[in-house]
Amino acid sequence: MDVDLCTSMSEVRDRLGNGKYDLVVTATDLPDGGYAEVLELIRNHGNMSAVPVLLLVAGRSEETVRNALDRGITEVFFKRDLDDLVRYLDSFGVSMPAKIAGKTGVLRALVVEDDEALCSYYKELLSSHGFTVDQASSGESALWELGRRSYDFVLVDLVLSGSCSGTQFLRRLRQDGANSSRAIAIAISAYDDEARRLEALRAGANAFMSKPIDEKELAAHIKGMVQYVPKGTGESSDEKPQSQTCNRCLPCQLTPRESNICMLVAMGYSDKRIAEEMGVSYWTVRTHIAHAFKKCQAGNRVELVRRLQGG
């Protein structure tokens, strides 16, 4: 990364006037302001509303962490223990999902889209993240592809040509006895109504994205979700998915809902977005995340995900 350093709010304002940043890391206090002022400047600057803003704090205070996250800070790290920050920066720059997944061999993706131009775009995007990509223009042809080989990742439009819709394909994907039934699936659609989104999730989609797809959002999905590709995907296996556990909370286990929320946390979803995806309240999400933090003895989201993966 190219890094600019600021020691005051005035320097922050000057730097922001010269361009856009992909990541911001701030201390709690500056000589002429604090992290709340930094956050407000970032969020009100051009198209930086979605840029991660990380906070470095001196001590492990639950109240400080909660207040910072409530204000809109993306993640909190501790100055005396920067290993988690290093891991965050490593994952922030990773584009090869196979490195994250810890899987040997090639990760294979299937794009199901009847718009040829969009299909080519999605194929190029997924290829740039290390996938070998096949494409299908209809639900029927996608099902035929499933019969030929196994997939780790599926991107499917809900409205397709032919008699098999994207939602029907998702149901068939999840009911398939082959290993592709455990593939990560993202449903996409130009129709962003709640009923369609919930139906896609009920059919087996791991997430829903509205068209036009934001490239950075899709990349975040890929980086986060591929960590949960089951080992052995692409090979025959009779193992059933296990509950999420970590090396610090055994023999305690997260509940299925806590596990699902943790997966969305790993994808970079905000608490509000997780609530929308799961059809629960914002405070329900916050409560379950707090339980997961306590069970795994994690101080922040990156640490939580790392421990769930046994790191």
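This passage walks through a predicted model, from the overall fold down to a few single residues.

Starting with the big picture, the protein has 311 residues, and 46% of them count as buried. Its secondary structure adds up to 14 helices and 10 strands. The contacts also say something about how the chain folds back on itself: taking pairs at least 6 apart in sequence, 60% of the contacts link residues at least 24 apart.

Next come the helix pairs. Two packed helices are described by the angle between their axes and the distance between those axes. Helix 7, which covers residues 139-148, packs with helix 8 at about 15°, and the two axes are 10 Å apart. Angles under 35 degrees count as roughly parallel, so helix 7 is roughly parallel to helix 8. Their crossing is right-handed. On the helix 7 side, the contact is made by Gly 139, Ala 142, Leu 143 and Leu 146, while helix 8 brings in Phe 169, Arg 172 and Leu 173. Sorted by class, that gives five nonpolar residues, one polar and one charged.

Helix 8 (residues 166-175) has a second partner in helix 9, with axes that come within 8 Å and cross at roughly 20°. That angle makes helix 8 roughly parallel to helix 9. Here, too, the crossing is right-handed. Thr 167, Leu 170, Arg 171 and Arg 174 of helix 8 meet Glu 199, Ala 200 and Ala 203 of helix 9. The mix at this contact is three nonpolar residues, one polar and three charged.

Helix 9 spans residues 194-203 and also holds Arg 197. Is this arginine buried or exposed? Residues under 20% relative accessible area count as buried, and Arg 197 has 16% relative accessibility, so Arg 197 is buried. Leaving aside residues up to four places away in sequence, Arg 197 touches Asp 192, Phe 208, Glu 276 and Glu 277.

Another charged residue, Asp 134, sits in strand 7, which runs over residues 131-136. With a relative accessibility of 15%, Asp 134 counts as buried too. What does the side chain of Asp 134 make a polar contact with? The partner is the side chain of Arg 149, at 3.0 Å. Arg 149 is also one of the residues that Asp 134 touches beyond four places away in sequence, along with Arg 108, Ala 109, Leu 110, Val 111, Glu 145 and Tyr 151.

The loops have a few details of their own. Pro 52 is found between helix 2 (35-43) and strand 4 (53-57). Although Pro 52 is in a loop, its relative accessible area is 15%, so Pro 52 is buried. The C-alpha atom of Pro 52 lies 7.7 Å from that of Ile 73, a residue 21 places away along the chain.

A second proline, Pro 212, belongs to the loop between strand 10 (207-210) and helix 10 (215-225). Pro 212 is joined to Lys 211 by a cis peptide bond, with omega at about -5°.

Finally, Gln 297 lies in the loop that runs between helix 13 (282-296) and helix 14 (301-308). Gln 297 is not a glycine, yet its phi is positive, near 55°. Over 50% relative accessible area counts as exposed, and Gln 297 has 51%, so Gln 297 is exposed.

Definitions and conventions
Residues numbered from 1 in each chain as written. Predicted model: local features only at pLDDT ≥ 70, side-chain atom pairs only at ≥ 80, totals over all residues. Heavy atoms only, no water. Helix = DSSP H or I, 4+ residues; strand = E, 2+ residues; numbered from the N terminus. Buried < 20%, exposed > 50% of the residue type's maximum accessible area, 1.4 Å probe, protein only. Polar contact = N/O pair within 3.5 Å; in protein donor to acceptor, adjacent residues only side chain to side chain. Contact = heavy atoms within 4.5 Å. Axes fitted to C-alpha atoms, helices over the stretch in contact; angles between N-to-C directions. Parallel < 35°, antiparallel > 145°, perpendicular 65-115°, else oblique. Left-handed = near helix turned anticlockwise from the far one by under 90°. Nonpolar A, V, L, I, M, F, W, Y, C, P; charged D, E, K, R; others polar.
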